[in-house]
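User: I would like a close look at one part of this model, namely its charged side-chain pairs. Please keep to what the coordinates support.

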Amino acid sequence: MKKIFTVITVLITLSLIGITVLQVSWVRNMVSLRKEQIKHLVDESTKEVALDLAKHKGPYALAQAKKGLFGEEITLDLFRPTSIARSIAGDDIKKKIEAAFRKNNLKNVRFEFGIQAFNIEGDNVFDNISTGFLQEITDTINNHSSNVGIEALTGTAGENLSINESLFVIVPDIKALVYRDLRWRIAISLLFTAIILAAFYLTVRTMLKQKKLSEIKNDFINNMTHEFKTPIATISLAVDAMRNEKVINNKEKLSYFSSIIKEENQRMNKQVETILKASQLEKQEIELNLTHLPAHEVIGAVVENFELQLQDKKGSVALHFNATNDIIYADEVHFANLINNLVDNAVKYANNHVPPAIKVSTLSTHKYFTIRVEDNGIGMNRDTLKRIFEKFYRAHTGNVHNVKGFGLGLSYVKAIMDAHGGEIKAESTLGKGSVFTLDFPLPKA
């Protein structure tokens, strides 16, 4: 079983890693593909706008005046075609780019633009630029820049004579744009990855829980077999003894063996009732007969039942009833049972060769009636302390081998406290003892 569990866990882990790697690879490829698509669409939009602007090249305009040899001013009207940067307003260029972007499914995409031209002196300058163009053109890592030459159309007056110009369109932070476009796909991918991780966690957790339940079941069956086997064997021996002719004719021996059978029978009935109670607790079928109960009186009566056991171990119980109000609203039978379970555990889990010293104290506030059961027993470590209220769980008792039971006592106490709306807390130090604190809500006046 352990090997199968390990193999299944390893296989599931490898599958999860593979699926996660594939998901990450798929997202990366999707982002890369979308990035290239956006770049291509930006380039196509830039070409379309550049072609549209080229239609406006060709007509001549006044050029800059120059001084002649004799000081006269001359103009080069017929040799200076109009530049796009000076003939078309920036807002008009912006509108053309926005229209091209909408056409190519690039709505609401931020961009900057500028016209690059060579002047008469051959210098490369930018003219008619948008507000953030000069700032964004320097970032070549995060931004995508597209530029297309603007040339006069064939057959126009400015063909071969117009100024060399280029249209630059820059899309800032293209990665952010890609992630924005793919946010829903990425979100769905992450969601499904999270679902797979959650399914893996729940699967492993369920398997661990089932493994734990299987171990608890085996321990319970072993304990139950032991608990029933002893009285059955005792009854069998008593019956065989009663068949003896010497015993048949002896009324005292018959009475003795009959009392043994009755005691062992009652013991088995008690164990069966314990298991049935556990079943009722599992089904949340606790029926409480709530009454106003004098807690000190009930606690005292329960403690008296342990006098013989404590005398046999030379132990003692100290009662400190400090509560000024001990009237609680509880079920008398269940309340007596939970006190009995706690004191019984304190007696059973005593240190070897150390007389059990048990202290039961009470305290009351305006809201709660508090009971503290302290002992000087073997105590518990942290791991055991976390699990003592689990059904069928039994702590390792070290050298104490005479402790019997099904591991239902403290789970019963916890269930009864929950049914009464109270709380139970446990503190313990290994080798020094344990303290159980019970808080019962006091009835409202």
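How many salt bridges does the count come to? Please go through individual pairs, and say where they sit in the chain.

Analyst: The model is a predicted one, and the count comes to nine salt bridges. For orientation, the protein chain has 445 residues, 36% of them buried, and its secondary structure consists of 13 helices and 13 strands.

One of the pairs is R34 with D181, where the closest N and O atoms are 3.2 Å apart. This pair links distant parts of the chain, since R34 belongs to helix α1 and D181 to helix α5 (residues 174–181), with their positions 147 residues apart. The two partners fall into separate burial classes: R34 has a relative accessible area of 18% and is therefore buried, the limit being under 20%. D181, at 34%, counts as partly exposed.

Helix α1 (residues 2–54) also supplies D52, whose side chain meets that of K96 in a salt bridge with an N to O distance of 2.7 Å. Here too distant parts of the chain are linked: K96 lies in helix α3 (residues 90–103), 44 residues from D52. D52 is partly exposed at 24% relative accessible area, and K96 is partly exposed as well, at 25%.

Another pair is E374 with R372, with 3.4 Å between the closest N and O atoms. E374 has 21% relative accessibility and so counts as partly exposed, because buried requires under 20%. R372, at 30%, is also partly exposed. Salt bridges with shared partners also join R110, E112 and E136 into one network.

The surroundings of E374 and R372 can be added. Strand β11 spans residues 368–374. It belongs to an open sheet of five strands with mixed pairing, in the order β8-β10-β11-β13-β12. The edge strands, β8 (316–321) and β12 (423–429), each pair on one side only. From one strand to the next, the twist averages 10 degrees. Helix α9 (residues 295–304) lies across β8, β10 and β11, and runs at about 175 degrees to β8.

Helix α1 also contributes uncharged surface. V10 is located in this helix and is one of the residues of a nonpolar surface patch, together with V7, L11, L14, I17 and V21. The patch has about 540 Å² of accessible area. V10 itself is partly exposed, with a relative accessible area of 42%. In an α-helix there are 3.6 residues a turn, so residues three or four places apart point the same way.

Definitions and conventions:
Residues are numbered from 1 along each chain as its sequence is written. This is a predicted model: local features need pLDDT of at least 70, side-chain atom pairs count only at pLDDT 80 or more; totals for chains, interfaces and linings use all residues. Side-chain values use heavy atoms; hydrogens and water are left out. Helices (H or I, at least four residues) and strands (E, at least two) are DSSP runs, numbered from the N terminus. Buried means under 20% relative accessible area, exposed over 50%, partly exposed in between (1.4 Å probe, protein chains only). Two strands pair if DSSP finds at least two bridges between them. Axes are lines fitted to C-alpha atoms, for helices over the stretch in contact, and angles run from 0 to 180 degrees between N-to-C directions. Contact means heavy atoms within 4.5 Å. Patches are made of residues with over 30% relative accessible area and no salt bridge: like charges are joined within 9 Å, nonpolar side chains (Val, Leu, Ile, Met, Phe, Trp, Tyr) within 5 Å. Accessible areas come from the Shrake-Rupley method with a 1.4 Å probe; for residues, only the protein chains shown count as cover. A salt bridge is a side-chain nitrogen of Lys or Arg within 4 Å of a carboxyl oxygen of Asp or Glu.
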